[in-house]
Amino acid sequence: MSNHNLIKIIAFLLFTNLTAVAQQNPKKPNIIYIYADDMGYGEIGPYGQKLIKTPNLDRMAKEGIKFTQHYTSTPVCAPARCMLMTGKHGGHSYIRGNYEMGDFTDENEGGQMPLPEGIFTLPKMLKSIGYSTGIIGKWGLGMPFNTGDPNKQGFDYVYGFLDQKQAHNHYPTHLWENGKKDMLNNPYVFMHKNLDSAKAKDADYDNFIGKDYAGAKFTEKSLKFIDDHKNKPFFLYIPFTIPHVGLQAPTEYVNQYIGKFPGEHAYYGQQGYNPSKYPLSTYAAMITYLDHQIGVIIDKVKALGLDNNTIIMFSSDNGATFNGGVQAKYFNSLAGLRGFKMDLFEGGFVNLLSPAGQEKLRPIALVILFLFNLI
């Protein structure tokens, strides 16, 4: 049996069983899938984190359920996202690595190897049964000028990074909205620059702080999408770029942690990505910032009265990173597991996953989990 037909069969079973699962509300459930980038298994409270504050994810896990044996398809970015969107495992996937095109400059933005034309994707499946579909965040599977354009792969609305190299900078010059650039109030900065430890000044670190933070734009657009589609079923995929390096977070979040990590010292870029005066504080701030955005999204769903018929899931594309100034050992990011991002030990591909929602919707969440990861 082909995976194409298998996805259709699972979709049929999912939604023909919906009435039995949710007899009090026969409407198709809204689905919000929030994807972190390079987040380790132990970096949030529900999975044992002690130093980084994640109150909204703590609440989400308490109100919903946690999956502790949920695996990404591959421990690196682009192929994991391809497999999530197509339901194909690593042996059948169209994309099996981060095959880069172009370079880091705006004028040579080329993206990654694109999804081919005519394939069956999760958003296409959901569109076929009446869902509005949106992606807000990082795509990494093609650009508007090739077959991987997310608007051609089943998404009605697209906003965010299309090229994952551009996503190394959380203060980019632009993001993409339905095939057009949305220019932001940030100058171009090359994110892979080292500083001389003997000469580094505050102004050198400040060069990597812009005005328009990508994560804030993602939340803004997500809230609008939810509001615009509140009257019909929607699928909203939100692949945030946090906490993938470079180390950048809004100053007010970094300030929450400065002075709380004994032994913190500056990072000068020697392991790739941008220097940071407070690498531990900034990394913690990125995760707390992400947690806050998730809380804002959950509150929006509740304010619109959609919480009893919306499945919200949170996961990560792969395990914690090992470079860019991130100190996974300090934060116990692996929670005792072996390996990092790119490793085929469990620390590289065990994903945290917490679906929030009412008890009556949990069986649906489990079927969606099967659809995403086991085909």
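In which strand is S316 found? Select S316 in this predicted model: the residue belongs to strand β10, which spans residues 310-316.

**First stop: S316**

Display S316 with its surroundings. S316 counts as buried, with a relative accessibility of 1%. Two polar contacts involve its side chain. In one, a polar atom of the S316 side chain lies 3.2 Å from the backbone nitrogen of M39. In the other, the S316 side chain reaches the backbone oxygen of N318 at 2.9 Å.

**Second stop: the whole chain**

Zoom out and colour the chain by secondary structure. Twelve helices and eleven strands make up the list of elements in the protein chain. Of its 375 residues, 59% are buried. Next, consider the contacts with a separation of 6 or more: residues 24 or more positions apart account for 73% of them. Switch to a surface view to see the exterior. The protein chain exposes about 14900 Å², and carbon and sulfur atoms supply 54% of that area.

**Third stop: helix α9**

Select residues 279-303, which form helix α9. This helix has 25 residues, and the distance from its first C-alpha to its last is 36 Å. That span is close to the 36 Å expected at 1.5 Å a residue. How many of the 25 residues of α9 are buried? The number is 19, so α9 is mostly covered, buried here meaning under 20% relative accessible area. Move on to G305, just after α9, where the backbone takes a positive phi of about 75 degrees.

**Fourth stop: K300, D227 and K230**

Return to α9 and show the side chain of K300, which is partly exposed at 24% relative accessibility. K300 meets the side chain of D227 in a salt bridge, at 3.7 Å from N to O. The pair links distant parts of the chain, 73 residues apart: K300 sits in α9, whereas D227 sits in helix α7 (residues 214-228). D227 is itself partly exposed, with a relative accessible area of 29%.

Keep D227 selected and add K230. These two residues also form a salt bridge, with their closest N and O atoms 3.6 Å apart. K230 counts as partly exposed, at 29% relative accessibility.

**Fifth stop: K165 and E100**

Select K165 and E100 together. Their side chains meet in a salt bridge of 3.3 Å, N to O. Which parts of the chain does this pair tie together? K165 lies in the loop between β6 (157-161) and β7 (174-177), while E100 lies in strand β3 (residues 100-102), so the salt bridge ties together parts that are 65 residues apart in sequence. Is K165 buried or exposed? K165 is buried, with a relative accessible area of 8%. E100, by comparison, is partly exposed, with a relative accessible area of 38%.

**Last stop: a network of salt bridges**

Finally, select D37, R81, K138 and D317. These four residues are linked in a network of salt bridges. To place the network and the pairs visited above in context, show every salt bridge in the model: the count comes to 15.

Note on methods. Residues are numbered from 1 along each chain as its sequence is written. This is a predicted model: local features need pLDDT of at least 70, side-chain atom pairs count only at pLDDT 80 or more; totals for chains, interfaces and linings use all residues. Side-chain values use heavy atoms; hydrogens and water are left out. Helices (H or I, at least four residues) and strands (E, at least two) are DSSP runs, numbered from the N terminus. Buried means under 20% relative accessible area, exposed over 50%, partly exposed in between (1.4 Å probe, protein chains only). Contact means heavy atoms within 4.5 Å. Accessible areas come from the Shrake-Rupley method with a 1.4 Å probe; for residues, only the protein chains shown count as cover. A polar contact is a pair of N or O atoms within 3.5 Å; within protein, one must be able to donate a hydrogen and the other to accept it, and residues adjacent in sequence count only if both atoms are side-chain atoms. The expected span of a helix is 1.5 Å times one less than its number of residues.
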